[in-house]
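Please read the following report on charged and aromatic side chains with the sequence and the model side by side.

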Amino acid sequence: MAYQLDPTSRKGARKAAPRPLGPVERPDPHALPLGDPTGGADAREWLVSVDGKQPYPRVHIDRNVTITMSDGVRLRATVVRPASRLGTPVTAPHPAILSVNPYNRALLDALDGGLHAPVVGKALRSASGAVDASGTVLEGVTRLTGVVAGGGLDVFGINRNLVRSGYVQIMVDVRGTGASQGKWQILGAREQKDSLELIDWVTTQRWCNGRVGMAGWSYSAINSLQAADKRPSALQAVFAIEGTSDIVRDIYITGGMHSAFIPIWLSLVNALKWVPNPRTALHDLNHGEFARWLRDRVKSPATEIPSLLWGFLTTRDERIFDDPYFDERDPKVDNITCPTFTVGGWHDLFGPSSTRIYEQLNLKPGEKQVLVGNGYHIDVGTGQGGRFAPPRLDVLERAWFDHWLKDVDNGIERYGPVTLQQQGGGWTSGAQFPRPGVVTQHLYLHGEPSGTAPHARHDGSLAATVDASGPSSLTIRPDVRGLVSRDMSQVTAGAAIALGPLFSTDAGFQERGGLSFTTPAAVEPVQVSGSANLRLYVASTGGEGTWAVTVNDVAPDGTSTVLTNGGLTVSNRALDQKQSEYDADGNLLRAHHYLTRVRKLPVPVDAPVAIDIDLVPTDAVIDTGHRLRVDVYAASFPRFLTLVPDLIKARSRRQRLVLDENHPSYLTFQAIGSFPAV
């Protein structure tokens with residue numbers, strides 16, 4: 001089917017049904033007490049609604065839909081509709097769920113085929129949930145396969161159960177990717193306009209009742225938030241898994257350092273955009289679509305890769321700094337007015353946005369919800385649906401859309417609203433992040449040994465008082481131990497956790513190249529919750545310095561597990577105080593660096609300067625007998641990549657961490673409970 005969008009008129013569009021303003025205030029015997037992450041009785045009903053018998057027995061899938069945008073570019077889509085037992089699509093209109101994705105619908109078709117193949121599909125789902133290798137070398141493998149049982153792939157791809165319950169699902173290839181024509185803009189202004197035009201197009205179709213939701217994972221979560229910030233009246237709910245509101249600081253140029261993820265990801269999408277969709281290849285060849293598609297691919301064969309490479313080698317492309325290019329692409333989350341459910345992970349590529357988006361949404365709790373797991377990017381949802389865990393992601397998505405698009409009083413607005421998997425603990429639900437009752441604390445880096453990290457380059461202490469033992473310097477050089485670390489898993493979106501604990505729960509190998517500072521053992525559980533900042537006093541013999549840090553939980557047996565991380569180049573130390581986060585007493589909790597070319601500062605040769613490294617906000621419990629550790633590294637390859645001109649400036653450099661009571665280095669964090677004195 002082919003459709004032409006008229007950019008000058010919305011004639012024929014159904015008027016969007018009014019979005020409900022929220023639940024009516026009334027006593028409710030099913031209301032959930034705060035603190036129940038499972039969802040209780042309400043969630044059991046959500047599960048039955050998903051896993052039980054559906055109103056429609058089958059789905060009808062049209063994989064060859066063409067939608068022409070106002071600039072003439074033809075986007076390709078798959079439309080999935082409820083169908084009768086004979087496979088005939090029903091004529092009654094239903095709410096529609098839109099997802100706009102750059103990963104080629106051919107990939108989504110393959111996932112759909114595997115998950116719904118007779119016998120095999122059911123076996124895959126069962127095995128994904130049944131096999132648990134926690135505590136073994138295969139733990140990472142089962143975390144990755146667990147995404148199937150956790151419902152993540154149902155939100156990402158074709159969700160047949162959702163459609164059979166009375167929805168229409170529309171999956172669209174982003175312009176310039178998959179089978180869509182045009183040039184890929186990577187979340188740019190024209191792509192954002194496409195999303196709005198697609199919503200308009202959906203509302204004109206006879207199978208849509210005028211109410212639209214958007215759902216997605218990663219890229220499609222970001223463009224869902226982008227569309228929502230434009231406030232189209234038909235868009236009445238969003239379910240976004242692992243999106244971002246600050247691409248630069250989350251992953252693109254964290255602390256002024258690029259990430260190996262970006263070239264890997266760009267290469268993947270650029271490769272996939274050259275793969276014709278086999279389901280429509282013959283049709284496209286016979287109707288001239290293939291020629292138009294090929295013409296556009298030749299015009300932009302490797303979108304943004306040459307400019308990224310040029311900028312990395314020369315620093316002559318402004319997009320290697322924070323630039324209006326990124327401002328245009330970051331969702332304006334505070335503009336969003338439709339109910340929005342976000343899902344994140346503490347070690348996700350977009351970890352800082354996991355909680356930040358919830359904070360930025362100007363919505364009432366319940367109309368906004370956040371769920372953050374202790375995972376990465378591609379293992380999202382693993383473990384959900386378990387006895388003490390939140391419902392599966394597909395169950396939460398269904399409940400969310402049932403309430404906001406169908407007016408079903410199912411209690412989802414009373415869930416959460418802040419559901420967190422506490423590192424070192426379990427799942428909890430509460431009213432806010434950070435947890436109520438946290439107070440700001442400081443822990444100072446001391447040179448004297450803790451006796452817990454003899455494997456590190458330096459075994460220091462971490463205490464609530466300043467080190468008064470006199471000035472000292474600790475020299476450190478860059479190495480490549482970051483290749484075997486949680487940083488490596490983060491930069492590979494979680495894939496590296498399949499290689500074993502050294503890539504996820506055991507930082508021992510990476511610590512051999514770092515400076516470690518460790519507290520005494522906790523005598524009571526200490527709950528760390530919220531933002532954190534590490535102030536370091538550093539020097540470098542080169543014209544630049546690169547620093548990477550982690551904060552770890554150290555178990556009684558010595559296993560050191562990363563809780564949060566950060567990094568910074570010394571030349572990018574200038575703070576934007578208006579956007580930084582401070583507590584009521586003026587303590588810096590989250591440093592916001594400019595990361596622009598004009599705000600770079602000179603790095604004095606071998607003279608100490610103060611830098612503030614912002615850490616990914618987190619929620620963790622340091623149990624009795626455990627310790628908190630700060631690890632300091634001279635960068636962490638390949639999580640943090642230094643631009644070639646900066647690398648030349650800093651060639652053969654020696655970096656020093658200076659310990660001086662007049663210029664102390666210290667961790668600022670928020671917690672309930674405290675660590676004993678040294």
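Is Phe156 buried or exposed? The model is a predicted one, and in it Phe156 has a relative accessibility of 11%, so this residue counts as buried, since the cut-off for that word is under 20%.

**Aromatic pairs**

The partner of Phe156 is Tyr103, and the two rings form a tilted aromatic pair, with 6.4 Å from centre to centre and 50° between the planes. Tyr103 belongs to the loop between strand E4 (94-101) and helix H2 (105-115), while Phe156 belongs to helix H5 (residues 152-156), so that this pair links distant parts of the chain, 53 residues apart. Tyr103 also counts as buried, because its relative accessibility is 11%. In the model as a whole, the count of aromatic pairs comes to 16. Elsewhere, Trp184, Tyr219, Phe261 and Trp265 are joined into a cluster by ring pairs.

**Salt bridges**

How many salt bridges does the count come to? The total is 37 salt bridges, and the table shows three of them, including the distance between the closest N and O atoms in each case.

| Salt bridge | Closest N and O atoms |
|---|---|
| Arg190 and Glu197 | 3.1 Å |
| Arg329 and Glu328 | 3.0 Å |
| Glu581 and Arg590 | 3.7 Å |

The surroundings of these residues can be described one bridge at a time. Arg190 and Glu197 are both buried, and these two residues also take part in a network of salt bridges together with Asp71, Arg175 and Asp194. In the bridge between Arg329 and Glu328, Arg329 counts as buried because its relative accessibility is 6%, whereas Glu328, with a relative accessible area of 39%, is partly exposed. In the bridge between Glu581 and Arg590, Glu581 counts as partly exposed because its relative accessibility is 25%, and Arg590 counts as partly exposed because its relative accessibility is 22%.

**Charges over rings**

Charged side chains also meet aromatic rings in this model, as two examples show. Lys368 lies over the face of Tyr358, at 4.4 Å from the centre of the ring. In the other example, the ring of Tyr594 has the charged end of Arg599 sitting over it, 4.1 Å from the ring centre.

Notes:
Residues numbered from 1 in each chain as written. Predicted model: local features only at pLDDT ≥ 70, side-chain atom pairs only at ≥ 80, totals over all residues. Heavy atoms only, no water. Salt bridge = Lys/Arg side-chain N within 4 Å of Asp/Glu carboxyl O. Buried < 20%, exposed > 50% of the residue type's maximum accessible area, 1.4 Å probe, protein only. Phe/Tyr/Trp six-rings, centres within 6.5 Å; stacked < 30°, edge-to-face > 60°. Helix = DSSP H or I, 4+ residues; strand = E, 2+ residues; numbered from the N terminus. Lys NZ or Arg CZ within 6 Å of the ring centre and 35° of its normal.
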